[in-house]
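User: I am new to this structure and would love a close look at one spot in it. Could you start there and then walk me on to other places, step by step?

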Amino acid sequence: MSSNDRLIIFDTTLRDGEQSPGASMTRDEKIRIAKALERMRVDVIEAGFPVASMGDFEAVKAVAETVRESTVCGLARALDKDIDRAGEALAGAESARIHTFIATSPIHMEAKLRMTPDQVVEQAVAAVRRARRHVADVEFSAEDAGRSEPEFLKRVIEAAIDAGASTINIPDTVGYNVPEQFGALIAELLEDIPNADKATFSVHCHNDLGLAVANSLSAVQNGARQVECTINGLGERAGNAALEEVVMAVRTRRDVFPCDTGLDTTQIVPASRLVSTITGFVVQPNKAIVGANAFAHESGIHQDGVLKSRETYEIMRAEDVGLRQNAIVLGKHSGRNAFRARLRDLGIDFESETELNEAFRRFKLLADRKHEIFDEDLQALVSDVTAEENDFVHLLSLHVCSETGEKPEADIVLQLDGEERSARATGGGPVDAALKAIEAIVDSGANLRLYSVNNITSGTDAQGEVTVRLEKGGRVVNGQGADTDIVVASANAYLHALNRLLHPARRHPQRGDV
Ligand code: KIV
Ligand code: ZN
């Protein structure tokens, strides 16, 4: 593939995706996602915003030191301290990129930056030059390009390329553009900027009007050769363009798009599930490519057609996105090696034998209660194991009594900071009683913002996966738990969220005012 036929996929799940309220991730969670992106052969992984907090810095550094096949990128405002911090975080990367940005729209320059256009050009040039002192690969973004004056955009971009930027990103920061207009903007920039051939043009579209993917694809048709996107479309406000939709659109409609990605698309569904489990952002069933119903045919006419010839109603193959529909993989009699091998197929490696043993112990417990174990069950089980590190509170036992005409009652025993504590509470239902019993011990002062239950697979013995969102003092965290007993799953999800909210070692420092 020549460089013009290749569409570079720049994933920003760990940076813009993490800016979704409640989607903050720990360093270890970021490493797990980064490994999944590397397995998918994503070209560039934007790992965070190093100057934003110590947690961001550590996470970018760890991802840079772990990932070998993809370029690892750190975000920096067009300020020396941001750029130097990004350079420091990326020092251990095999291939590193600094992504520096400054706003170029009249409203951002006047109201936010309080700078003149001349000052903005000067600062952009200085930033690119400074970034080039750290790395050879520098990306420059004209923030709010979608609402900037095209003539001013051309000026700042030409100067940034002259200063050494090899990627120029055109963000539709507020999701204001529509496809035809956005595509025309890219074509105009490529046509009119004299040194445009010295850089790869990229787009970064937000989904406020539901047009992020359409705008990105229109830009590709007009010459953009990098798309910035996130798994499941996670991101600030309504999110970013969904990676899976961009990649599969380009691949499925080769007749329309003059380029293709280098991605291993069979890793899309596993990565989507991993991100959903870690962030607690449930994927809607009818979500394109990765939703539970994306390849399900309900109507008799459709089922009949697909049985006769798959192409009658399917434009993609489920296997191509890594969907192995409810494949039974393991059961009660499966051994440790089969367990490890299946997890390896799913791209899950354990850091230590202890972690593997703990996961295997839980698998055996689950297999006692659930006859057939699916990939989805294994993924949920592994997430639970890794979530346990550094827990300051965890569940020892739970007894719930629920009877017609009686108020449900829960007796709970927790280990809180090494000490065994118990409580009893009643509630409107068994889940309510269990969560109240937890609060009788922990007294967190947190507000419950979301509670949702999904079945991981089908059948009445399926595990329920519970997501809980808690808020305290403006901090929002998610917690997940999975179990065949949804009261236990709920208690675990609640405790998982409490561990993230209250325990200093698991806290992901919040971004300041950057
Ligand atoms: O949306 C945006 O403009 C951004 C930039 C930092 C690229 O996220
Ligand atoms: Zn963005």
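Analyst: Let's start at Ile289, which sits in the loop that links helix H10 (268-279) to helix H11 (300-308). Please keep in mind that the model is predicted. What makes this spot worth a pause is the backbone: Ile289 is not a glycine, and yet its phi is positive, at about 70°. Most residues other than glycine have a negative phi. Is the residue buried or exposed? Ile289 counts as buried because its relative accessible area is 8%, and the limit for that word is under 20%.

A second residue makes a good companion to this one. Arg237 also has a positive phi without being a glycine, with a value near 50°. Its place is again a loop, this time between strand S8 (226-229) and helix H9 (243-252). The surroundings of Arg237 leave part of it open, and it is classed as partly exposed because its relative accessibility is 44%.

A glycine with a positive phi turns up further along the chain. Gly473 has a phi of about 55° and lies in the turn of a hairpin formed by S15 and S16, with 2 residues between the two strands. Following the hairpin outward, strand S15 (residues 464-472) and strand S16 (residues 475-483) run antiparallel and are joined by 9 bridges. One pair to look for there is Leu470 with its bridge partner Val477 in S16.

Strand S15 has another neighbour too. Strand S14 (residues 447-455) runs antiparallel to S15, and 8 bridges hold the pairing. Here you can look for Asn454, whose bridge partner in S15 is Glu465. How many residues of S15 are buried? The count is 7 of its 9, so the strand is mostly covered. In S14 you will find Leu448, and this residue is partly exposed, with a relative accessible area of 44%. Leu448 and Glu471 are 23 residues apart along the chain, and their C-alpha atoms are separated by 6.5 Å.

For another pair of positions, try Arg132 and Gly429. They are 297 residues apart along the chain, and 60 Å separates their C-alpha atoms. Arg132 belongs to helix H5 (residues 117-134), and it counts as partly exposed because its relative accessibility is 39%.

Now to the zinc ion, which is ligand 2. Which protein atoms serve as its donors? They come from Asp16 (OD), His204 (NE2) and His206 (NE2), at 2.0 to 2.1 Å from the ion. Along the sequence, the spacing of these donor residues is D-x187-H-x1-H. The two histidines, His204 and His206, are both buried.

The three donor residues also meet ligand 1. A polar side-chain atom of Asp16 is 3.1 Å from an oxygen atom of ligand 1, and His204 likewise places a polar side-chain atom 3.1 Å from an oxygen atom of this ligand. For His206, the distance from an N or O atom of the side chain to an oxygen atom of ligand 1 is 3.0 Å. Ligand 1 has 260 Å² of accessible area on its own, and the protein covers 93% of that.

Who else stands around ligand 1? Its surroundings include Arg15, His99, Phe101, Ser141, Glu143, Asn169, Pro171 and Thr173, along with the zinc donors Asp16, His204 and His206. Several strands take part: S4 (96-103), S5 (137-143) and S6 (167-172) each give at least two residues to this shell.

One last stop is the cysteines. How many disulfides does the structure hold? The number is 0. Take Cys73: the closest cysteine sulfur belongs to Cys229 and is 13 Å away, so the two are too far apart for a bond. Cys229 in turn has its closest cysteine sulfur in Cys205, at 10 Å, which is also too far for a bond. The cut-off for a disulfide is a sulfur pair within 2.5 Å. Cys73 is buried, with a relative accessible area of 0%, and Cys229 is buried with a value of 0% as well.

Key
Residues numbered from 1 in each chain as written. Chains lettered and ligands numbered in written order. Predicted model: local features only at pLDDT ≥ 70, side-chain atom pairs only at ≥ 80, totals over all residues. Heavy atoms only, no water. Donors = N, O, S within 2.8 Å, 3.2 Å for Na, K, Ca; no water. Buried < 20%, exposed > 50% of the residue type's maximum accessible area, 1.4 Å probe, protein only. Helix = DSSP H or I, 4+ residues; strand = E, 2+ residues; numbered from the N terminus. Pairing = 2+ DSSP bridges. Near = heavy atom within 4 Å. Polar contact = N/O pair within 3.5 Å; in protein donor to acceptor, adjacent residues only side chain to side chain. Areas by Shrake-Rupley, 256 points an atom, 1.4 Å probe, with all protein chains shown as cover.
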